[in-house]
Amino acid sequence: MTLATLSPADTRAAIDAGARLIDIRGADEHARERIPGALNIPLDRLGDLPRDGRPVVFHCRSGMRTAANASRLGAAAGGAPAYILGGGIAAWRQAGQPIIADRSQPLEIMRQVQITAGVLVVSGVVLGTFVAPGFFGLSAVVGAGLMFAGATGWCGMANLLRVMPWNRRAAA
């Protein structure tokens with residue numbers, strides 16, 4: 001199933017006409033930056049979507065997640081008209097539409113994983129080159145963890161970062 005894609009202007013008109021805007025990103029992403037009035041229902045909680053017959057416009061950060069999950073989103077809408085905000089919140093912002101940004105919220109977990117993994121890999125290479133070759137193992141362990149996360153969908157580093165003190169506020 002494919003869902004029709006709306007521009008930011010068409011999405012604004014749909015919202016003004018009564019459509020519900022659904023942010024399918026994680027709670028951490030939504031807490032850091034969101035469209036005013038958007039209801040945060042991550043992909044793994046689509047069953048919580050109110051089914052009142054109102055049209056629904058789904059959005060994510062760039063439009064990639066919504067496009068990749070269009071059939072799931074259409075089914076979750078329960079027969080109500082369903083659309084995708086083309087280009088996600090990035091296109092919304094670029095079109096000059098209002099957003100709420102709270103930079104005091106922590107970075108999204110996956111960005112934290114990318115930063116942490118990058119620091120660990122570079123550290124392992126530098127230490128392996130200049131201190132002792134055994135430090136190359138650090139880079140290998142991080143690489144293996146990333147491959148495992150990609151293959152299984154379970155990321156130990158993300159789970160560890162999620163419980164860090166700076167991330168507890170976003171989870172609340």
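V122, V126, L127, F130, V131 and F135 make up a nonpolar patch on the surface of this predicted model. Together they offer about 570 Å² of accessible area. One of them, F135, sits in the loop between helix 6 (109-130) and helix 7 (136-152). F135 counts as partly exposed because its relative accessibility is 35%.

**The sheet**

Five strands form an open sheet. Their order is 1-6-5-2-4, and the pairing is parallel. Strand 1 (4-6) and strand 4 (39-40) stand at the edges. Each has a single partner strand, so one side of each lacks a neighbour in the sheet.

Take the pairs in turn. Strand 1 and strand 6 run parallel and are joined by three bridges. Here T5 stands opposite I84 in strand 6. Three bridges also join strand 5 to strand 6, again in parallel. V56 stands opposite A82 in strand 6. Strand 2 (residues 20-23) runs parallel to strand 4, with two bridges between them. There I22 stands opposite L39 in strand 4.

What lies across strand 1? Helix 1 (residues 8-16) does, and it also lies across strand 2, strand 5 (56-59) and strand 6 (82-85). Helix 1 runs at about 95° to strand 1.

**Charged pairs**

Side chains of opposite charge can pair when their charged atoms come close. The whole structure holds eight salt bridges. Three of the pairs, among them, are listed here with the distance between N and O atoms.

| Salt bridge | N to O distance |
|---|---|
| D52 and R20 | 2.3 Å |
| D48 and R45 | 3.0 Å |
| R111 and E108 | 3.5 Å |

D52 forms its salt bridge with R20, and this pair links distant parts of the chain. D52 is in the loop between strand 4 and strand 5, while R20 is in strand 2, 32 residues apart. Is R20 buried or exposed? R20 counts as buried, because its relative accessibility is 14%. D52, at 45%, counts as partly exposed.

In the pair of D48 and R45, D48 is partly exposed, with a relative accessible area of 48%. R45 is partly exposed too, at 38% relative accessibility.

R111 and E108 form another salt bridge. R111 is partly exposed at 42% relative accessibility, whereas E108 is buried at 15%.

Elsewhere, E33, R93 and R103 are linked in a network of salt bridges.

Methods:
Residues numbered from 1 in each chain as written. Predicted model: local features only at pLDDT ≥ 70, side-chain atom pairs only at ≥ 80, totals over all residues. Heavy atoms only, no water. Patch = residues over 30% accessible without salt bridge, like charges linked within 9 Å, V, L, I, M, F, W, Y side chains within 5 Å. Areas by Shrake-Rupley, 256 points an atom, 1.4 Å probe, with all protein chains shown as cover. Salt bridge = Lys/Arg side-chain N within 4 Å of Asp/Glu carboxyl O. Helix = DSSP H or I, 4+ residues; strand = E, 2+ residues; numbered from the N terminus. Buried < 20%, exposed > 50% of the residue type's maximum accessible area, 1.4 Å probe, protein only. Pairing = 2+ DSSP bridges. Contact = heavy atoms within 4.5 Å. Axes fitted to C-alpha atoms, helices over the stretch in contact; angles between N-to-C directions.
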